[in-house]
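Please walk through this structure from its overall layout to its sheets, and then to the contacts between side chains.

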Amino acid sequence: MKRIGVAIWLMMAVFVAVYAADKTKGQIKFEETTYDFGNIREDGGKVSHEFTFTNEGSDPLKITSAKAECGCTTPEYPKEEIAPGETGIIKVTYNPLGRPGGFTKVITVRCTGNPGKVNLKIRGTVLPK
């Protein structure tokens with residue numbers, strides 16, 4: 001019985017330590033995670049949208065990567081750390097040339113904060129030339 005009590009106490013101590021550590025990390029919070037371009041022209045050139053985020057944690061956070069699922073979508077992200085309370089921008093550019101019809105693209109953002117991974121989405125309809 002004594003072993004069970006010790007095991008439960010150890011599990012609770014680990015849980016509290018992990019929970020407390022999570023609260024001290026940077027915490028990334030996006031104003032929006034999906035953007036709809038609506039109708040865009042195939043021959044109208046590239047279109048871009050800026051996703052704004054804030055570090056709501058108590059430690060700095062760093063974006064470690066932002067990757068799109070295909071070459072028609074290009075994300076740009078800050079390389080420097082984002083201090084607590086500060087904002088940053090991830091700019092996503094889509095090239096509609098040669099891609100008529102509806103589209104939905106996912107950009108996977110990874111960071112040192114909590115959550116460690118966020119999916120951003122862009123969508124719209126490309127009107128043919």
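Along the sequence, the elements of the protein chain follow the pattern α-β-β-β-β-β-β-β-β. The chain thus holds 1 helix and 8 strands, where helices (H or I, at least four residues) and strands (E, at least two) are DSSP runs numbered from the N terminus. The model is predicted: local features need pLDDT of at least 70 and side-chain atom pairs count only at pLDDT 80 or more, while totals for chains, interfaces and linings use all residues. Residues are numbered from 1 along each chain as its sequence is written, and side-chain values use heavy atoms, with hydrogens and water left out.

Of the 129 residues in the protein chain, 30% are buried; buried means under 20% relative accessible area, exposed over 50%, and partly exposed in between, with a 1.4 Å probe and protein chains only. Contact means heavy atoms within 4.5 Å. Among contacts between residues at least 6 apart in sequence, 65% join residues at least 24 apart.

The strands can be taken sheet by sheet. Strands pair through backbone hydrogen bonds, either parallel or antiparallel; here two strands count as paired if DSSP finds at least two bridges between them. One open sheet has 4 strands in the order β1-β3-β6-β5, with antiparallel pairing. Strands β1 (28-30) and β5 stand at its edges with a single partner strand each, so one side of each has no neighbour in the sheet. From one strand to the next the twist averages 25 degrees, with axes as lines fitted to C-alpha atoms, for helices over the stretch in contact, and angles running from 0 to 180 degrees between N-to-C directions.

At one edge, β1 is joined to β3 (residues 47-55) by 3 bridges, and the two run antiparallel. Phe30 has Phe53 as its bridge partner in β3. Thr52 also lies in β3, and its C-alpha atom is 5.9 Å from that of Phe30, although the two residues are 22 apart along the chain. Leaving aside neighbours within four places in sequence, Thr52 is in contact with Lys29, Phe30, Glu31, Thr87, Gly88 and Ile89. With the same neighbours left aside, the contacts of Phe53 include Ile28, Phe30, Leu61, Ile63, Pro78, Ile82 and Ile90.

At the other edge, 4 bridges join β5 to β6 (residues 87-94), and these strands run antiparallel. The bridge partner of Glu76 in β6 is Lys91. In a regular strand the side chains alternate between the two faces of the sheet. Strand β5 (residues 73-76) shows this alternation: Thr73 and Pro75 point to one face and are buried, whereas Thr74 and Glu76 point to the other and are not.

The second open sheet also has 4 strands, in the order β2-β8-β7-β4 and with mixed pairing. Its edges are β2 (34-41) and β4 (63-68), each with a single partner strand, so one side of each is left without a neighbour in the sheet. Direction ignored, neighbouring strands of this sheet are turned by 20 degrees against each other on average. Strands β4 and β7 (residues 101-111) pair in the antiparallel sense over 5 bridges, and the bridge partner of Ala68 in β7 is Ile107.

Aromatic rings come next. Rings of Phe, Tyr and Trp (its six-membered ring) pair if their centres lie within 6.5 Å; planes under 30 degrees apart count as stacked, over 60 as edge-to-face and the rest as tilted. The count by this rule is 4 aromatic pairs. Phe37 and Phe103 form a tilted pair, 6.5 Å centre to centre with 35 degrees between the planes. This pair links distant parts of the chain, with Phe37 in β2 and Phe103 in β7, 66 residues apart. Both Phe37 and Phe103 are buried. The rings of Tyr94 and Phe103 have centres 4.0 Å apart and planes at 10 degrees, so this pair is stacked. Tyr94 counts as buried because its relative accessibility is 1%. One aromatic cluster is formed by Tyr35, Phe37, Tyr94 and Phe103.

Nonpolar side chains tend to be buried together in soluble globular proteins. A nonpolar core is a set of buried Ala, Val, Leu, Ile, Met, Phe, Trp, Tyr and Cys residues joined through side-chain atoms within 4.5 Å. The largest one has 23 residues, of which Ile28, Phe30, Phe53, Tyr94, Leu120 and Ile122 touch the most other members. At least two residues of this core come from each of β1, β2, β3, β4, β6, β7 and β8 (117-127).
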